[in-house]
Amino acid sequence: MSAVAMKAATMRAVVVHGPRDLRIDERPRPVPGAGEVLVAMEWGGICGSDVAYWKHGLSGTAALRHPLVLGHEVAGRIAGLGPDVGGLTQGQPVTVHPAEPVGDERLPDLIAGRTNLHRRVRYFGSAAFDPHTDGGFSEYRVVRAAQIRPLPDGVPTEHGALAEPLAVALHAVHRAGDLRGRTVLVNGAGPIGALVVAAARHRGAAAVIASDISEASLAVARAMGADRTVDVSAGAELPADIEVSFDASGAPAALGPVLRATARGGTLVQVGNLPGSAVPAVLGDLVTREITWIGSYRFIEEIDEALLAMRDGLDVSPVISHRFDLARADEALAVAAAGGSSKVMLRLGGTTPGDGAGE
């Protein structure tokens, strides 16, 4: 095989080998099998779990045992179809539902249909299983056809890569019930919090208040539809008597003030991941104010709603703060980890490399 042919049969991938050990590895280009699709990846969004694997070699309780391709917020175009795949076409822009339940376990009636709560789920870019489940931060990735989601007309692949975090936000809003005509508070205006602001607006909230310790993050929240923002780092207090609150910060110290801001008999949706170890938190108002505290984990099929919302005008571009070429993935992760940024995007292919700045 010629050198040109050898090069064409390989691809680059963003691989974490251990804490602070990120490499751009050359790997064989995969070939789709029966029921599979080959996607030429174009964009990927860096998530907190990607940063955690890069910084610490683990995310939550999932620890690296082997090198892992990062990335579960991805989109690209179909580059090949395996046997028995119908309804999809070469060159079609798509994103990916990154979750795949493992086994044929029947969910209990209590959680019927809530596949995000399946006992065993493989997720793109996760070390929860051995062997690990490689993610999509690579020039090509084979994906089960059932996990492919075509992008609607008018939704570019860069935005399509953010369908996954928007689905997380929409699921959190769904957990809160009907928001039409209600005022809501979103505490924590990072990428997920900003998308919760947009999702609440999309689901009919009358007014959305966002709070954070970063003015830059609050500016993004305003661009995503927040009517009012509260900079708690400047000593501003959260509003009172909010019917529905969302904590997207995952900071235990924030729980007391957010519970106090939530109205008696109101609802607090916990969408920000809380630590898995014991930490101090002020929870007294949970009881005395009879607040309903609801957890929200990933999403079910809200990725489909996310794509329709983007088609219908929900603009996710204000969330994007930086763009880096795949070759600069280490720098991109460092920017995402440092704070002060919103969503850091990787160009995985199909576009011209950028300079790392927001565009």
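Select strand S1 (residues 10–18) and S2 in this predicted model: the two pair in the antiparallel sense over eight bridges. Within that pair, Val14 stands opposite Ile24 in S2. Now widen the selection to the sheet these strands belong to. Three strands make up this open sheet, in the order S2-S1-S6, with antiparallel pairing. Its edge strands, S2 (21–28) and S6 (68–69), each pair on one side only.

**Step back to the whole protein**

Show everything as a cartoon. Ten helices and 20 strands make up the secondary structure of the protein. The radius of gyration is 20 Å, close to the 21 Å that the globule rule gives for 359 residues, so the protein is as compact as a globular protein of that length. Along the principal axes, the C-alpha atoms fill a box of roughly 70 × 45 × 40 Å. Of the 359 residues, 50% count as buried. Among contacts with a separation of 6 or more, 67% are between residues 24 or more positions apart. Switch on the surface: the protein exposes about 15,500 Å², and carbon and sulfur atoms supply 53% of that area.

**Strands S16, S17 and S18**

Select strand S17 (residues 262–270). Seven of its nine residues are buried, so the rest of the structure largely encloses this strand. Add strand S16 (residues 242–247), which runs parallel to S17 and is joined to it by five bridges. To get from S16 to S17 the chain passes through helix H7 (residues 252–261), and this β-α-β crossover is right-handed. Then add strand S18 (residues 292–295), which pairs with S17 in the parallel sense over four bridges.

Leu268 is a useful residue to label here. Ser245 stands opposite Leu268 in S17, and in S18 the bridge partner of Leu268 is Trp293.

**Ser245**

Centre the view on Ser245, which lies in strand S16. Is Ser245 buried or exposed? Ser245 is buried, with a relative accessible area of 0%. Which residues is Ser245 in contact with, leaving aside its neighbours within four places in sequence? They are Leu185, Val258, Thr262, Thr267, Leu268 and Val269. For a distance check, pick the C-alpha atoms of Ser245 and Gly87: they are separated by 41 Å, and the two residues are 158 residues apart along the chain.

**Helix H7**

Select H7 next. This helix is mostly covered, with seven of its ten residues buried. Show the side chains of the buried residues: Pro252, Ala254, Leu255, Gly256, Val258, Leu259 and Ala261. To see what covers them, display strand S13 (183–187), S16, S17, helix H8 (284–288) and S18, which are included in that cover.

**Helix H4**

Finish at helix H4 (residues 163–175). Its 13 residues, at 1.5 Å a residue, should span 18 Å; the end C-alpha atoms are 18 Å apart, which agrees. How many residues of H4 are buried? Eleven of the 13 are, and H4 is mostly covered. To display them, select Ala163, Glu164, Pro165, Leu166, Ala167, Val168, Ala169, Leu170, His171, Ala172 and Val173. Following H4, stop at Gly177, whose phi is positive, near 90°.

Methods:
Residues numbered from 1 in each chain as written. Predicted model: local features only at pLDDT ≥ 70, side-chain atom pairs only at ≥ 80, totals over all residues. Heavy atoms only, no water. Expected span 1.5 Å × (residues − 1). Buried < 20%, exposed > 50% of the residue type's maximum accessible area, 1.4 Å probe, protein only. Pairing = 2+ DSSP bridges. Right-handed = clockwise from strand over helix to strand, strands pointing away. Rg over C-alpha atoms; globule rule 2.2 N^0.38 Å. Contact = heavy atoms within 4.5 Å. Areas by Shrake-Rupley, 256 points an atom, 1.4 Å probe, with all protein chains shown as cover.
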